[in-house]
Amino acid sequence: MNLLHVLRASLLCPVFAASSVSVAANLQTLNDDALSDVQGRDGVSFLLGLNANIGSINLGVYDSDNNPASIILNKVALTGTLGVKFDILPSVPGMPDLINISLPDIASDYPLQYAYDLEIVANGRSLGTSVTYQNMSYVGSSMQWTTSGSGGLAFGLALKMSAENIFLQPNGRGNSSGQMAVNGFKVSNADGTGTPWVIADVASQPGSFRVVNDANGNSSFQMGIAWPDVQKDAPAGSLHVDNISFTTPTGKVDLGSSSIGSMQIQYLNVKFK
C-alpha cells in the first residue's frame, strides 16, 4: 500500500494549566533568581488540564487495487489532568542523546476521559463504531526518542495503562444497544510489581520509524520493534480485564474476567508500500 496522507482537518481547543493533581510534598515555588539557574538539561515538567476537541484524524492509504482506504477518527474528545516531564538523557556511548517523555506516577482528581468515532473505509464500504475510555490512566509510562544508526527514528516505550471502562458502541456514542463493554482494563509488567511493561528499549530492543528501499529502489514506510539483544528475552507484560460484556436485544451477556499473565513482543515489522 502507498502512504497517502496523515492527519487531516483537525481543530484543537486550548490546553490549560491545572492545579487539581496531588503532587509530591517536596515541590516548591522558584523565584526569579532560582529560575535563572535552571537549564534545559534539568528537564521541564508540565501539569496540564486538558479540554480538547479534534474534528477528525485521517490516516489514508491505497489498497492493492489502487483504491483509497482510510482509518478515520471523528469528533475526538479528551479531558482530564496529566503530568508530563521532558528530559534530555545520555544514550549508550557513541549514540545521540535521548528525548525522554515520562508521565509521573502521581494521583489525579480528574483522570483522562477519551472518546472518538472510529470509521474504516475500504473497497467502497464503511465500518464504524464509537469508542469511549472512562477514567483512563497512563501514569508511570514513558517514551524515548532518538535518531537511529540505520536511519529514521528510534524509540523506547514503557507502558502502564488502565481504564475503568472501555465501550465500543456501533450504534453511536452513548447508545448502549449492541455495545461491547470492557471493565477494569490494566496493562503493566508481568512481574506483579505494577511497573510499566517495556515494549521497546532504545538500547537493547529499539522500536523504529523509517523509510527503506528494496533492491529495485522502491521505497516504503516501515515501523517495528527489533529483536532483543543476543541471549536476552524481550520484557514480559501482563493484561487483566475484570469483565467483558455485550448488550443484546434480549439483555446483557457477561463473559467474566480474563487475564494474560505473560506476553512478549520479540519482533515486529510493519511496512506500508
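This passage looks at the aromatic pairs, a nonpolar surface patch and a buried serine in a predicted model.

Aromatic rings come up repeatedly here, with six aromatic pairs in the structure. One of them joins Tyr114 and Tyr133, whose ring centres sit 5.7 Å apart with planes at 20 degrees; the pair is stacked because planes under 30 degrees apart fall into that class. Tyr114 belongs to strand β6 and Tyr133 to strand β7 (residues 125–137), so this contact ties together parts of the chain 19 residues apart in sequence. The two partners fall into separate accessibility classes, though Tyr114, at 23% relative accessibility, is partly exposed, and Tyr133, at 17%, counts as buried. The cut-off that matters for these two tyrosines is 20%, since buried means under 20% relative accessible area. Nor does this pair stand alone: ring pairs link Tyr114, Tyr133 and also Tyr116 into a cluster.

Another pair is made by Trp145 and Phe155. With ring centres 5.6 Å apart and planes at 40 degrees, Trp145 and Phe155 make a tilted pair, because an angle that is neither under 30 nor over 60 degrees leaves that label. Here too the pair links distant parts of the chain, with Trp145 in strand β8 (residues 142–147), Phe155 in strand β9 (residues 153–159), and their positions ten residues apart in sequence. As for cover, Trp145 is partly exposed at a relative accessible area of 24%, whereas Phe155 is buried at 9%.

Strand β6 turns up again at the surface. Spanning residues 112–122, this strand also holds Ile120, and Ile120 is one of the four side chains behind a nonpolar surface patch, together with Leu59, Ile71 and Leu127. The patch covers about 340 Å². Ile120 itself has 38% relative accessibility and so counts as partly exposed; that value also puts Ile120 past the bar for patch residues, because these need over 30% relative accessible area.

Ser245, in contrast, is tucked away from the surface: its relative accessible area is 3%, so it counts as buried. Ser245 is found in strand β15, which runs over residues 237–248. Leaving aside residues up to four places away in sequence, what does Ser245 touch? The contacts of Ser245 are Gln179, Met180 and Ala181, along with Lys252, Val253 and Asp254.

How values were computed: Residues numbered from 1 in each chain as written. Predicted model: local features only at pLDDT ≥ 70, side-chain atom pairs only at ≥ 80, totals over all residues. Heavy atoms only, no water. Patch = residues over 30% accessible without salt bridge, like charges linked within 9 Å, V, L, I, M, F, W, Y side chains within 5 Å. Areas by Shrake-Rupley, 256 points an atom, 1.4 Å probe, with all protein chains shown as cover. Helix = DSSP H or I, 4+ residues; strand = E, 2+ residues; numbered from the N terminus. Buried < 20%, exposed > 50% of the residue type's maximum accessible area, 1.4 Å probe, protein only. Phe/Tyr/Trp six-rings, centres within 6.5 Å; stacked < 30°, edge-to-face > 60°. Contact = heavy atoms within 4.5 Å.
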